[in-house]
Amino acid sequence: MRLDKFLKVSRVIKRRTVAKEIADQGRILINDKVAKSSSTVSVGDILTIKFGNKTSKIKVLELKETTKKNEAAGMYELVSEEYKEDYRL
């Protein structure tokens, strides 16, 4: 499955165009290699996504063409979440 489609279907990123832009900027890694939006995602891959101040690592558990909102979180597992600067109280 394409990276941008996985991010949209799993609802990690709400819109596929946003997922494509982030990937094409080099802010997403698949197994520690820079990924394009057309890169193939497989079960067991570790995705590292850089959102501004936050960096999330997620493990792909399942691939589906479509999913319901309450089932989307089952497609991945959050491995770690790091902040450059922690603004949370």
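Select lysine 69 to begin: this residue sits in helix α3, which covers residues 69–72. Keep in mind that the model is predicted. Is lysine 69 buried or exposed? Lysine 69 counts as exposed because its relative accessibility is 67%, and the exposed class starts over 50%.

Now add Lys8, Arg11 and Lys14 to the selection. Together with Lys69, they gather on the surface as a patch of positive charge.

Next stop: serine 10. Find serine 10 in the loop that runs between α1 (3–9) and α2 (16–24). Serine 10 has a relative accessible area of 1%, so it is buried. The cut-off for buried is under 20%. What does serine 10 touch, leaving aside neighbours within four places in sequence? Show Ala72, Met75 and Tyr76: serine 10 is in contact with these residues.

Keep Met75 and Tyr76 on screen, and select leucine 61. Leucine 61 lies in the loop between β4 (54–60) and α3. Its relative accessibility is 40%, so leucine 61 counts as partly exposed. That class lies between the 20% and 50% limits.

Which residues does leucine 61 touch, not counting those up to four places away in sequence? Light up Val43, Gly74, Met75, Tyr76 and Glu77. Met75 and Tyr76 are among the contacts of serine 10, and they are also among those of leucine 61.

For the last step, mark the C-alpha atoms of leucine 61 and methionine 75. The two residues are 14 residues apart along the chain, and these atoms are separated by 5.2 Å.

How values were computed:
Residues are numbered from 1 along each chain as its sequence is written. This is a predicted model: local features need pLDDT of at least 70, side-chain atom pairs count only at pLDDT 80 or more; totals for chains, interfaces and linings use all residues. Side-chain values use heavy atoms; hydrogens and water are left out. Patches are made of residues with over 30% relative accessible area and no salt bridge: like charges are joined within 9 Å, nonpolar side chains (Val, Leu, Ile, Met, Phe, Trp, Tyr) within 5 Å. Accessible areas come from the Shrake-Rupley method with a 1.4 Å probe; for residues, only the protein chains shown count as cover. A salt bridge is a side-chain nitrogen of Lys or Arg within 4 Å of a carboxyl oxygen of Asp or Glu. Lys and Arg count as positive and Asp and Glu as negative; His and the chain ends are not counted. The place of a charge is taken as NZ of Lys, CZ of Arg, CG of Asp or CD of Glu. Helices (H or I, at least four residues) and strands (E, at least two) are DSSP runs, numbered from the N terminus. Buried means under 20% relative accessible area, exposed over 50%, partly exposed in between (1.4 Å probe, protein chains only). Contact means heavy atoms within 4.5 Å.
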